[in-house]
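Here's a quick look at how a pair of helices pack, what sits in the nonpolar core, and where one histidine ends up. Have the model open as you read.

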Amino acid sequence: MSLETLLAEIRACRVCAPQFGHEPRPVLHVGPGTRLLICGQAPGRRVHESGRSFDDASGDRLRGWMGVDRETFYGHPAIGMAAMAFCYPGTAPGGGDYPPPARCAALWRRRLIEALPEAELTLLLGRPAQVWALGERAMSSMDAAVRAWRAFLPEILILPHPSWRNTGWLKANPWFEAEVTPYLRARVAAMVAS
């Protein structure tokens, strides 16, 4: 199956519609030239509304970590985005979003990864993405995984989710921006330069 056909099937998917209180809208941005695959857990409400991955404050922080502007982030063919679940799962009664439905990754993830043979680095943003992608190799916590970031290189880079919810963690762990961010920026710069 071609990547174009697979993406059309993903964008038409409505498997989770019965559990959502809204119309599903799969959001992902990948192409045949994707070399950097950014994987979070699921789109938030703002991304659901705009149809653009990381079109929010977490995207601003992520672009800062990567050292790219919005134009490069959304326009360069080497950069792709595909969360573990492609649709916004809705807002939980106590606040925050519901967890991403596991069935989305089960239905689509492996086929999508196989259709992106040029992908050389995957950013795993946050615990849900790390657990799914790493399986038995997943660490006991997001903190432990990010601290062991070198263990998964060169194919995988473990990052905290760039959400405001992790601001306290980032302030308590200045080594992240001193060590991990320069590595990420160098890898991204090499991919967008070639």
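Contact here means heavy atoms within 4.5 Å. Keep in mind that this is a predicted model.

Let's start with the helix pair. L3, L6, L7, E9 and I10 from α1 meet W108, R111 and L112 from α5. Sorted by class, that contact holds six nonpolar residues, two charged ones and no polar ones.

Two packed helices are described by the angle between their axes and the distance between the axes. For α1 and α5, the axes come within 11 Å and cross at roughly 160 degrees. Since angles over 145 degrees count as roughly antiparallel, α1 is therefore roughly antiparallel to α5. The crossing of the two, α1 and α5, is left-handed.

Now for the core. In soluble globular proteins, nonpolar side chains tend to be buried together. The largest nonpolar core in this model has 53 residues, and I38, M66, F73 and L112 touch the most other members. Helix α9 (residues 175–193) gives the most to this core, with six residues.

L112 turns up in both the helix contact and the core. How do its contacts compare in kind with those of H48? The table lists them for each residue, leaving out neighbours up to four places away in sequence.

| Residue | In contact with (within 4.5 Å) |
|---|---|
| L112 | L3, L6, L7, I10, L28, V30, A82, F86 |
| H48 | H22, E23, R25, Y88 |

Is H48 buried or exposed? This residue, in helix α2 (residues 45–50), has 15% relative accessibility, so H48 counts as buried.

Conventions
Residues are numbered from 1 along each chain as its sequence is written. This is a predicted model: local features need pLDDT of at least 70, side-chain atom pairs count only at pLDDT 80 or more; totals for chains, interfaces and linings use all residues. Side-chain values use heavy atoms; hydrogens and water are left out. Axes are lines fitted to C-alpha atoms, for helices over the stretch in contact, and angles run from 0 to 180 degrees between N-to-C directions. Helices (H or I, at least four residues) and strands (E, at least two) are DSSP runs, numbered from the N terminus. Angles under 35 degrees count as roughly parallel, over 145 as roughly antiparallel, 65 to 115 as roughly perpendicular and the rest as oblique. A crossing is left-handed if the near helix is turned anticlockwise from the far one by less than a right angle, and right-handed if clockwise. Ala, Val, Leu, Ile, Met, Phe, Trp, Tyr, Cys and Pro count as nonpolar, Asp, Glu, Lys and Arg as charged, and the others, Gly among them, as polar. A nonpolar core is a set of buried Ala, Val, Leu, Ile, Met, Phe, Trp, Tyr and Cys residues joined through side-chain atoms within 4.5 Å. Buried means under 20% relative accessible area, exposed over 50%, partly exposed in between (1.4 Å probe, protein chains only).
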